[in-house]
Amino acid sequence: MTLRDRDRWILRRPETLPEAEQLQLKTVRTHCPEIDALTRHVRAFAVMLTERQGERLPDWLAAVRRNDLPGLHTLAAGIDRDRDAVIAGLTLPWSSGAVEGHVNRIKMLKRQMFGRAGHQLLRKRVL
């Protein structure tokens with residue numbers, strides 16, 4: 001078992017893991033309480049994300065802070081800086097993904113053309 005295997009087991013949906021991998025993860029979780037706590041928190045966050053349960057975020061953050069997991073504490077601190085936006089993102093059906101994709105495309109075009117042409121050519125490529 002490698003670290004990559006362990007991470008993949010934690011991040012996948014439990015029902016999609018083959019039985020042998022489920023047993024290996026169960027063994028790892030039994031022998032390491034930190035991995036067990038990490039697995040519980042990651043899976044709880046995944047449920048919040050996929051089922052749009054943003055109202056559960058404050059409870060999840062409190063549960064993360066009760067464990068000695070510095071990496072998750074850093075994530076929790078980042079989420080706290082913009083808690084309302086994160087809750088909205090985990091709850092509301094709207095996404096700014098399409099807009100972000102267009103902005104990313106325009107930035108790529110600008111980088112490709114850096115120093116080669118003026119505003120007119122950039123405008124033609126964008127439009």
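Okay, let's start with one residue: Asp-36 comes out partly exposed, with a relative accessible area of 23%. Keep in mind that this is a predicted model.

So who does Asp-36 pair with? Its partner is Arg-40, and their side chains meet in a salt bridge at 3.6 Å, N to O. Both sit in helix 3, 4 residues apart, which means about one helical turn separates them. Arg-40 is partly exposed too, at 44%. If salt bridges are new to you, side chains of opposite charge can pair when their charged atoms come close.

Now, how many salt bridges does the count come to? It comes to 8. Over in helix 1, Arg-8 bridges to Asp-5, with the closest N and O atoms 3.4 Å apart. Those two are 3 residues apart, so again that's about one helical turn. Arg-8 is partly exposed at 32%, and Asp-5 is partly exposed at 24%. They also belong to a network of salt bridges that links Asp-5, Arg-8, Arg-12 and Glu-21.

Next, how do the helices pack? The axes of helix 1 and helix 3 come within 9 Å and cross at roughly 40°, so the two helices are oblique to each other. On the helix 1 side, the contact uses Arg-6, Trp-9, Ile-10 and Leu-11; helix 3 brings residues including Ile-35, Leu-38 and Val-42. By class, that's 6 nonpolar, 1 polar and 2 charged.

Last pair: helix 4 and helix 5 also come within 9 Å, crossing at roughly 145°, and that crossing is left-handed. Their contact residues split into 9 nonpolar, 1 polar and 2 charged. Among them are Trp-60 in helix 4 and Ile-79 in helix 5.

Notes: Residues numbered from 1 in each chain as written. Predicted model: local features only at pLDDT ≥ 70, side-chain atom pairs only at ≥ 80, totals over all residues. Heavy atoms only, no water. Axes fitted to C-alpha atoms, helices over the stretch in contact; angles between N-to-C directions. Left-handed = near helix turned anticlockwise from the far one by under 90°. Contact = heavy atoms within 4.5 Å. Nonpolar A, V, L, I, M, F, W, Y, C, P; charged D, E, K, R; others polar. Parallel < 35°, antiparallel > 145°, perpendicular 65-115°, else oblique. Salt bridge = Lys/Arg side-chain N within 4 Å of Asp/Glu carboxyl O. Buried < 20%, exposed > 50% of the residue type's maximum accessible area, 1.4 Å probe, protein only.
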